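This report describes part of a single protein chain, starting with its strands and ending with two individual residues. Please keep the structure open alongside the text.

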Amino acid sequence: MSTTLPPWPYPRWIAHRGAGKLAPENTLAALRVGAAHGYRMYECDVKLSADGVPFLLHDATLQRTSDGQGVAGELTWAALSQLDAGRWHSRAYAGEPLPTLQAIARHCLHNRHLLNIEIKPTPGTERHTGEVVAREAARLWADSTVPPLLTSFQPEALEGARSSAPQLPRGLLLDTLPSGWLQKAQALGCVAVVCNHALWDAETVAQTHGAGLRCLCYTVNDEWAAQRLLTLGVDGIITDRVDLFSPA
């Protein structure tokens with residue numbers, strides 16, 4: 001029996017961390033580079049400062065993508081806002097700051113672009129981070145027709161997001177498919193499952209669509225992989241190669 005999927009307002013192609021490797025990840029500069037390549041939806045990582053400000057950063061620690069040191073979530077936003085998050089990538093981006101979720105929202109809403117917010121908690125703060133990020137996202141996008149898609153590898157973060165902003169769409173991120181993976185996504189009230197692209201095949205796509213959920217995948221950087229996924233009928237492809245794949 002075929003299942004009619006609910007409407008899906010997001011484009012199929014999503015720029016990973018803003019622009020893949022072409023700009024410093026999780027910055028406003030990256031979103032601008034992604035836009036210059038025709039993308040209108042971006043994936044980004046959001047965590048909390050020590051004083052509860054949602055901001056963009058992938059790692060738990062600062063040293064890979066900024067001139068800071070230590071656990072990012074242990075610093076106040078006043079301290080984090082002074083860091084250089086661009087110089088590590090290239091001299092052209094020296095001085096690029098870490099952005100708040102509010103700054104990213106302002107940019108996306110002004111340009112009518114869409115966002116996939118991966119909730120990336122500092123270890124030990126999973127549920128609280130989900131609650132705060134979702135609450136802030138609901139406030140920032142309150143007047144928007146299309147809300148951000150909230151995703152996380154951490155079920156506790158998605159539970160927190162559901163408790164504070166149940167109206168926002170959620171997706172469960174998976175790097176493997178453990179027993180009961182689809183049932184877990186359903187129990188969390190998710191609208192999507194977001195997998196390592198190698199995990200999708202005809203059976204798993206059919207199972208997910210049959211349950212009324214959408215299929216998204218990361219991080220697709222090769223043409224053969226993209227063609228396989230398009231043939232399977234996945235709903236979203238997150239890529240670093242914004243210079244290779246045209247979202248059109």
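## Strands and crossovers

In this predicted model, strand β5, helix α5 and strand β6 form a β-α-β unit that is right-handed. A further β-α-β crossover takes the chain from β6 to β7 by way of helix α6 (residues 181-187), and this crossover is right-handed.

Strand β5 covers residues 149-152 and is paired with β6 in parallel fashion through three bridges. Within this pairing, threonine 151 is placed opposite glycine 171 of β6. Strand β7 (residues 192-196) also runs parallel to β6, and four bridges connect the two. Here leucine 173 faces valine 194 of β7.

## Burial of strand β6

How many of the five residues of β6 are buried? Five of the five are, so the strand, which spans residues 170-174, is largely enclosed by the rest of the structure.

Side chains in a regular strand point alternately to one face of the sheet and to the other. In β6, Arg170, Leu172 and Leu174 point one way, while Gly171 and Leu173 point the other way. The residues of both sets are buried.

## Leucine 158 in helix α5

Leucine 158 belongs to helix α5, which runs over residues 155-164. Is this leucine buried or exposed? Leucine 158 counts as buried because its relative accessibility is 0%, and the cut-off for burial is under 20%.

Beyond residues up to four places away in sequence, the contacts of leucine 158 include Leu150, Thr151 and Ser152, and β5 is the strand of residues 149-152. Leucine 158 also touches Arg170, Gly171 and Leu172, which are among the buried residues of β6. Leu188 and Cys190 are contacts of leucine 158 as well. As for proline 178, 20 residues from leucine 158 along the chain, the C-alpha atoms of the two residues are 18 Å apart.

## Threonine 100 ahead of helix α3

Threonine 100 is found in the loop that links α2 (77-80) and α3 (101-111). Although this residue sits in a loop, threonine 100 is buried because its relative accessible area is 17%, and the limit is under 20%.

What lies 3.0 Å from a polar atom of the threonine 100 side chain? That position is taken by the backbone nitrogen of alanine 103. Apart from neighbours within four places in sequence, threonine 100 contacts Val53, Pro54, Phe55 and Leu56, together with Trp77.

Conventions:
Residues are numbered from 1 along each chain as its sequence is written. This is a predicted model: local features need pLDDT of at least 70, side-chain atom pairs count only at pLDDT 80 or more; totals for chains, interfaces and linings use all residues. Side-chain values use heavy atoms; hydrogens and water are left out. Buried means under 20% relative accessible area, exposed over 50%, partly exposed in between (1.4 Å probe, protein chains only). Contact means heavy atoms within 4.5 Å. A polar contact is a pair of N or O atoms within 3.5 Å; within protein, one must be able to donate a hydrogen and the other to accept it, and residues adjacent in sequence count only if both atoms are side-chain atoms. Two strands pair if DSSP finds at least two bridges between them. A crossover is right-handed if, with the strands pointing away from the viewer, the path from the first strand over the helix to the second runs clockwise.
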